[in-house]
Amino acid sequence: MFSDSYVEQVLKTKPDGTFYFKMFLSSFFVVLGIISFPFIGSTAFVFAMLGICLFFCFFGDSNMEYEYTLTNGGVDIAAIYNASKRKEKKHFELEQVAMIVPKGSLRISQEKFAKKYDFTTKRADESVIALVLEEKGNKQLILMEPDEKTMAHIKNYAKDKTYDL
């Protein structure tokens, strides 16, 4: 009888760059509305209200977590915003991974990647691993920060692809 292997890890992280851009954009609309109110009147009020609404809509994205779900050889990575909104970020199979190395490894220092994904806390570097994913002829770099249980699962399904770990 076959048994499935399942590991789940939640990792609290800092918000990404798009969060700060959204906050800047909403603040810009508020300031634009306040400054232009004497000149264009009610239209400026609409800009200010739009900025305030955007600010409160985007503010919930400040509490962000990444969830790694590993089922057998499949890896699903999702972002969870404000403990209520979930967005799938990446799905891949460990069969597609060419190599798994520490983040600063010399094995990948000269590589060119079509895309780079950072699914870490953006605080610690010693436990961050880099997965080189080959998908549709392009190499992608995926940064993860697995705990011991998650790392054991990855090593179990990608035995011959881990280096320097």
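These legends accompany close-up views of a predicted model.

**View 1. Four strands form an open sheet.**
The strand order is β1-β2-β3-β4, and the pairing is antiparallel. β1 (6-13) and β4 (85-93) stand at the edges. Each has a single partner strand, so one side of each lacks a neighbour in the sheet. From one strand to the next, the twist averages 20 degrees.

**View 2. Strand β3 pairs with β4.**
β3 covers residues 74-81. The two strands run antiparallel, and 8 bridges join them. For one residue pair to look at, take Asp76: its bridge partner in β4 is His91.

**View 3. Helix α3 packs on the sheet.**
α3 spans residues 148-157. The helix touches β1 and β2 (64-71). The direction of α3 makes about 130 degrees with that of β1.

**View 4. Helix α2 has the span expected from its residue count.**
α2 runs over residues 42-59, which is 18 residues. At 1.5 Å a residue, the helix should span 26 Å. The end C-alpha atoms are 26 Å apart, so the expected and computed spans agree.

**View 5. The buried residues of α2 line one face of the helix.**
Which residues of α2 are buried? They are Ala44, Ala48, Gly51 and Phe58. Seen down the axis of α2, these buried residues fall within an arc of 105 degrees, and therefore they line one face. An α-helix has 3.6 residues a turn, so residues three or four places apart point the same way. The cover over the buried residues of α2 includes α1 (17-40). Ser42, Val46, Phe56 and Cys57 lie on the other side of α2, where they are exposed.

**View 6. Cys53 and Cys57 are not joined by a disulfide.**
The structure holds 0 disulfides. Cys53 is in none, and its nearest cysteine sulfur is that of Cys57, 6.6 Å away. Why is there no bond between the sulfur of Cys57 and that of Cys53? A disulfide is a covalent bond between the sulfur atoms of two cysteines. To count as one, the two sulfur atoms must lie within 2.5 Å. At 6.6 Å, the sulfur of Cys57 is too far from that of Cys53 for a bond. The two residues also fall into separate accessibility classes. Cys53 counts as partly exposed because its relative accessibility is 44%. Cys57 has a relative accessible area of 55%, so this residue is exposed.

Notes: Residues numbered from 1 in each chain as written. Predicted model: local features only at pLDDT ≥ 70, side-chain atom pairs only at ≥ 80, totals over all residues. Heavy atoms only, no water. Buried < 20%, exposed > 50% of the residue type's maximum accessible area, 1.4 Å probe, protein only. Pairing = 2+ DSSP bridges. Axes fitted to C-alpha atoms, helices over the stretch in contact; angles between N-to-C directions. Contact = heavy atoms within 4.5 Å. Expected span 1.5 Å × (residues − 1). Arc of directions from axis to C-beta.
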